[in-house]
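Colleague: I am new to reading protein models and would love a slow, close look at just one part of this one. Please pick a part that shows how strands meet, and then tell me how the rest of the chain is laid out around it.

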Amino acid sequence: MRGRLGADLWSAQVNSTPGSVAQIREAAGQLLRVAKDNAIALVLVGHVTKDGELAGPRVLEHMVDTVLSFEGERAQPFRILRAVKNRFGSTNEVGVFQMAEQGLVEVPDPSSVFLEEGDLRSGSVVVPVLEGSRCLLAEVQALVAPSNLAMPQRVARGVDRNRLAMLVAVLDRRARLPLLKCDIL
């Protein structure tokens, strides 16, 4: 197996291009054999697409024991560590971490991170959010105003835009809240 730190790994034993399913299977297999034979923890870092999926062939996911994902807003210092796959345990647990001077540090009371300081104001509500088996309290703020635009604005931080559009449609139809012609910020 050839490669260097930060470069694509490939195996001369397989006659295909680096990045192909056969190359990924062989190179990862060799790395896993070395790690298991020597009781070494091995961390493979993969690329995530804009859709949040692991890039490339999914064969690597099937070879490893655990697939972990860090999630969070780019402008925020907090990250949620979620197990997407765990061969030896549950994937219903999450950890909340913050980047500090000494590195990545666990946040012991994640609810305090997701709540604004002070009293709640009009347009704010505290809701329980289930992340894995952990219940967190989060403050949700919204401003809804009639729109003069043909396509009303839908702006959200920490919520997927498609999910927001679906929630607005459900509230409009089922709760009879006339939101389809409103800006939601």
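Modeller: Here is a walk through one hairpin, followed by the rest of the chain. Please keep in mind that this is a predicted model.

Let us begin with the two strands of the hairpin. Strand E5 covers residues 124–131 and strand E6 covers residues 134–141. The two run antiparallel, and eight bridges join them. As general background, strands of a sheet pair through backbone hydrogen bonds, and this pairing can be parallel or antiparallel.

Now find the turn of the hairpin. Two residues lie between the strands E5 and E6. One spot to look at there is Gly132, which has a positive phi near 65°. Beside the turn, Glu131 has Arg134 in E6 as its bridge partner.

Next, go to the other end of E5. Ser124 belongs to this strand, and its side chain makes a polar contact of 3.2 Å with the side chain of Glu139. If you set aside the neighbours of Ser124 within four places in sequence, its contacts are Glu139, Val140 and Gln141. Val140 turns up again when you look at Val125, since these two residues stand opposite each other, with Val140 in E6.

What comes after the hairpin? Leu143 sits in the loop that leads from E6 to strand E7 (144–146). Apart from neighbours within four places in sequence, Leu143 is in contact with Asp183, Ile184 and Leu185. Another residue to compare it with is Asn162: the two are 19 residues apart along the chain, and their C-alpha atoms are separated by 18 Å.

Asn162 brings us to helix H4, which covers residues 161–174. At the start of this helix, a side-chain oxygen of Asp160 comes to within 3.2 Å of the backbone nitrogen of Asn162. You can also check the length of H4 yourself. With 14 residues at 1.5 Å a residue, the helix should span 20 Å, and its end C-alpha atoms are indeed 20 Å apart, so the two values agree. Remember to count the steps between residues here, because the expected span uses one less than the number of residues. After H4 comes Arg176, with a positive phi near 55°.

The chain has another sheet to set beside your hairpin. It is an open sheet of four strands in the order E1-E2-E3-E4, with antiparallel pairing. Its edge strands are E1 (66–71) and E4 (103–106), each of which pairs on one side only. On average, neighbouring strands of this sheet are turned by 35° against each other, direction ignored. Six bridges join E1 to strand E2 (residues 78–86), and this pair runs antiparallel. For one facing pair, look for Leu68, which stands opposite Ala83 in E2.

Earlier in the chain you will meet helix H1, residues 21–37. Here the same kind of check works: 17 residues at 1.5 Å a residue should span 24 Å, and the end C-alpha atoms are 24 Å apart, which agrees. Several residues of H1 are buried, namely Gln23, Ala27, Ala28, Gly29, Gln30, Leu32 and Ala35. Helix H2 (59–63) is included in what covers the buried residues of H1. Following H1 is Ala39, with a positive phi near 50°.

One of those buried residues, Gln30, has a partner worth finding. Its side chain is joined to that of Ser11 by a polar contact of 3.3 Å. Ser11 lies in the segment before H1. Is Ser11 buried or exposed? Its relative accessible area is 1%, so it counts as buried, because the limit for buried is under 20%. A polar atom of the Ser11 side chain also lies 3.2 Å from the backbone nitrogen of Gln13.

Finally, step back to the whole chain. There are four helices and eight strands, and along the sequence they follow the pattern α-α-β-β-β-β-α-β-β-β-α-β. Along its principal axes, the C-alpha trace spans about 65 × 40 × 30 Å. The radius of gyration is 22 Å, while a compact globule of 185 residues would have one near 16 Å. Of the 185 residues, 21% count as buried. Among contacts between residues at least 6 apart in sequence, 35% join residues at least 24 apart.

Key: Residues numbered from 1 in each chain as written. Predicted model: local features only at pLDDT ≥ 70, side-chain atom pairs only at ≥ 80, totals over all residues. Heavy atoms only, no water. Polar contact = N/O pair within 3.5 Å; in protein donor to acceptor, adjacent residues only side chain to side chain. Pairing = 2+ DSSP bridges. Axes fitted to C-alpha atoms, helices over the stretch in contact; angles between N-to-C directions. Rg over C-alpha atoms; globule rule 2.2 N^0.38 Å. Buried < 20%, exposed > 50% of the residue type's maximum accessible area, 1.4 Å probe, protein only. Contact = heavy atoms within 4.5 Å.
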